[in-house]
Amino acid sequence: MPKAFVFGDDIDTDVIAPGGYLHLSIDQVKMHSMEAIFPDFPKMVEKGDILVAGKNFGSGSSREQAPVVLMELGISLVVAKGFARLFFRNAVNVGLSIGTIIGSTDIAQGDLVSYDVAGGEIRNVSKGTVTRFSPPQGALNDILNEGGIVPYTLKKLGRSK
Amino acid sequence: MGKTSIEKLFSRLAGHGVKAGDFIWAAPDLVYVHDVLGPMMLSSYKKLGNPKINYTGKVIFVYDHIFPPKDSASANNIRNMLGFASGNNIESIPMGEGIEHTLLIERGAIEPGMFVVGSDSHTVTAGANGAFGAGLGSTDLACLLASGTTWFMVPETMVINMTGNLPRFSTGKDVILNIISKIGVDGANYMSMEFHPSSDTRLQLDDRLAIANMTVEAGAKTCILPPDRRTDAYDSIIWDEDAVYRSSLDLNMSEIRPSVAVPYSPGNVKDVRDVAGTKVDQVYLGNCSNGTFSDLQQAAEVFRKNPVHEGVTAIIVPATRKIYARALDAGLIKTFIDAGCTVSPPTCGACAGLHMGVLARDEVCISNTNRNFRGRMGDPGSMVYLANSYVAAAAAVEGKIVDPTEVF
Ligand code: SF4
């Protein structure tokens, strides 16, 4: 069953995808994700796990490597109390599910979860509670519905995948 | 109902009147891309099937982040971008000319009234020259080139009313650090920051570069400050008197003191007096916010009479080749070298922990750059303090942080 990784406020893109590795391949960058605050993170994530964060998640750089490494490590959903604009937009573009927490959450590090992205709901199986989140709106929602901005643009250009 | 500057700008791009909250698809006037995030844009472009470029504005590639290349991976990144540029009629700025945000304003590529996007979050620096700039991700940029447009939500605006003038030893850096400390690192999230200096407030371009550059550290999408030279394009985006703002902030410049952002957030701002005595191992001067000629002059004022403290590494990086040449003509480079500084060619260097001055574990650096996140300039256990060039240079000669108004 998927588990949750919980982070605090203002987690920046240098922590998510450190600058010193950005000129290398994603497979190399991802092994350094979160190393400044949680060095075992890349080894512990399994496919389908989720990330829960506080406010202003993904602040800093425009580097798309930030959502990409999370996705490549296996994170399937990122929810936070708030996001920096570039991280949010990049996540939708690359097809990483993302949402803003409504109200509060009691999800703690390692809690087992199940979730429904379309329904905006995470069930905390360890505690028997529910956390709600709102999905992207407007143009971002249209892009998400196509599976990211690459398929969206291919469709716009009259080419399909 | 009147419009803010960004509403006017986006109305021009959309071809009809828009207001905060509207979504538009539009083509920016200029797109620029650098050597660290560019390669990812090329791989996204490949996923789109390498179509003909449909975007009709100007595209510029700049090789500044890891230049000169530090290893074969960074060298190959530049090679690949050069190849794409020449095959697609994209202008490549000759390598070594400087750091993109400062450089493109210096070269006249970013003019007042323009709307520019870049692969880098500090594209907001365009605001220093009366233009709007916004960062975009690599895949967004690839899709913009392929399809011709990209989308924006017209942001709400925070207005900053500035009165008075900065005291000696305070600079644009202190202005923006003070703003971030007041509103928080997400205080302007998704917003445009519109600066309204009073008629007697003097802000030269180099101060405006520092201010505009770090608006993104408060989460801003974009920003604008009045340029030195007005153009028709700029006149067309001047805010209306009855524009509607989300919030406002009043700033009396004469009260702004030299400030320091302590690890690990640009929002952890303290008066320099409160961190005086903090020992430093490295001083790093220069990046897209504060690698200007004025910054070099300020540092030279300090180094002219005082050598670098024993055991401290002082690295100075002029932001562009032109600034370097001016500093050479003015004797500043000689001053730095005589004082024991290391002078680097224009590059992003250690600002983002890339090369040329990366920090070791537990090392403390004071820098006039824009980010002091954990691990930003190297080892996750290193620490970066952000300050203006006087404060950083003064720390280099004293070996610890000092208040320049007391020591010099
Ligand atoms: S100088 Fe630093 S902040 Fe500016 S573009 Fe380069 S890496 Fe980014």
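Okay, let's start with the salt bridges: there are three of them between domain 1 and domain 2 of chain B. One salt bridge in this model joins the side chains of Arg168(B) and Glu301(B), at 2.8 Å from N to O. Keep in mind that we're looking at a predicted model here.

For anyone new to this one, here's the layout. Chain B splits into domain 1, residues 5–254, and domain 2, residues 259–407. Going by C-alpha atoms, the centres of those two domains are 24 Å apart.

So how many residues of each domain are in contact with the other? It's 37 from domain 1 of chain B and 37 from domain 2 of chain B.

Now, the area. People often describe the size of an interface by the accessible area lost when the parts come together. Between these two domains of chain B, about 3,100 Å² is buried, and carbon and sulfur atoms give 56% of that. On the domain 1 side, Ile99(B), Phe169(B) and Lys173(B) supply 21% of the area buried against domain 2, more than any other three residues.

Back to the polar side of things. Across this interface there are 25 residue pairs in polar contact, counting pairs with both residues at pLDDT 80 or more. And which helices of domain 1 each supply at least two residues to the side touching domain 2? In chain B those are H4 (100–106), H6 (172–183) and H7 (205–213). The largest share comes from H6(B), with six residues.

Last bit: the residues on that side of domain 1 of chain B divide into 14 nonpolar, 14 polar and nine charged. That's my tour, thanks!

Conventions: Residues are numbered from 1 along each chain as its sequence is written. Chains are lettered from A and ligands numbered from 1 in the order in which they are written. This is a predicted model: local features need pLDDT of at least 70, side-chain atom pairs count only at pLDDT 80 or more; totals for chains, interfaces and linings use all residues. Side-chain values use heavy atoms; hydrogens and water are left out. Domain bounds come from an automatic or database domain assignment. Contact means heavy atoms within 4.5 Å. Buried area is the accessible area (1.4 Å probe) that two parts lose on being put together, summed over both. A salt bridge is a side-chain nitrogen of Lys or Arg within 4 Å of a carboxyl oxygen of Asp or Glu. A polar contact is a pair of N or O atoms within 3.5 Å; within protein, one must be able to donate a hydrogen and the other to accept it, and residues adjacent in sequence count only if both atoms are side-chain atoms. Helices (H or I, at least four residues) and strands (E, at least two) are DSSP runs, numbered from the N terminus. Ala, Val, Leu, Ile, Met, Phe, Trp, Tyr, Cys and Pro count as nonpolar, Asp, Glu, Lys and Arg as charged, and the others, Gly among them, as polar.
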